[in-house]
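Q: Could you take me through one helix pair and the nonpolar core around it? I'd like the cut-offs spelled out as you go.

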Amino acid sequence: MSALQPPDVHFLLGAIGWLELGLPMEADHELDRITEACLQHPYVLEVRWQVCAAQRDWGKGVVVAEALVAKAPERDSGWIHRAYSLRRARGGGLQQAWDALLPAFERFPQNSLIPYNLACYAAQSGRLDEAWNWLNKAMKAASDESSIKTMALADEDLKPLWDRIRQL
């Protein structure tokens with residue numbers, strides 16, 4: 001994938017700046033200035049998804065994340081974004097998110113967020129033993145197991161496992 005060139009790279013950086021300021025609408029306008037030829041660039045799709053997430057536009061988030069997975073399947077973020085959006089989009093849900101993310105575990109075994117999110121989906125689906133197994137996989141993949149434990153103890157999705165997590 002070729003690097004973005006001016007002025008597109010400037011519009012992308014401007015969008016990132018607007019997001020950092022908490023102004024996703026302005027970020028979206030900045031992305032709209034990018035040339036048609038670069039709209040499917042993975043960097044642009046990554047930032048476009050961040051805009052969707054900030055605006056809680058999960059339907060559009062699914063579309064953007066699917067484009068990212070198609071354009072750059074080697075990027076784990078597209079797989080994670082797609083599942084995250086599918087869980088929240090109208091017509092989506094936990095099972096759709098699970099189905100979209102599960103294949104990513106084999107592709108990206110070193111990414112701790114993939115098994116972590118699978119643990120969340122399993123826990124929210126009432127499959128607590130399976131959730132526990134995925135959470136353990138997340139801790140093994142993480143460079144710092146305690147960070148996963150801390151994150152899990154603050155995550156309402158994993159509340160059914162909090163007693164077990166505290167015993168670690």
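A: Happy to. H6 and H8 are oblique to each other, because their angle is about 40 degrees and angles under 35 degrees count as roughly parallel, over 145 as roughly antiparallel, 65 to 115 as roughly perpendicular and the rest as oblique. The axes, lines fitted to C-alpha atoms over the stretch in contact, with angles from 0 to 180 degrees between N-to-C directions, lie 14 Å apart. This is a predicted model, where local features need pLDDT of at least 70 and side-chain atom pairs pLDDT 80 or more, while totals for chains, interfaces and linings use all residues. Residues are numbered from 1 along each chain as its sequence is written, and side-chain values use heavy atoms, leaving out hydrogens and water.

Helices here are DSSP runs (H or I, at least four residues), numbered from the N terminus. Trp-98, Leu-102 and Phe-105 of H6 meet Glu-130, Trp-134 and Lys-137 of H8, with contact meaning heavy atoms within 4.5 Å.

Both helices, H6 (94–107) and H8 (128–141), also give two or more residues to the largest nonpolar core. Such a core is a set of buried Ala, Val, Leu, Ile, Met, Phe, Trp, Tyr and Cys residues joined through side-chain atoms within 4.5 Å; buried means under 20% relative accessible area, exposed over 50%, partly exposed in between (1.4 Å probe, protein chains only). The core has 31 residues, and Leu-101, Tyr-121 and Leu-135 are among those touching the most other members. H7 gives the most, with eight residues. Leaving aside residues up to four places away in sequence, Tyr-121 touches Trp-98 and Leu-101, among others.
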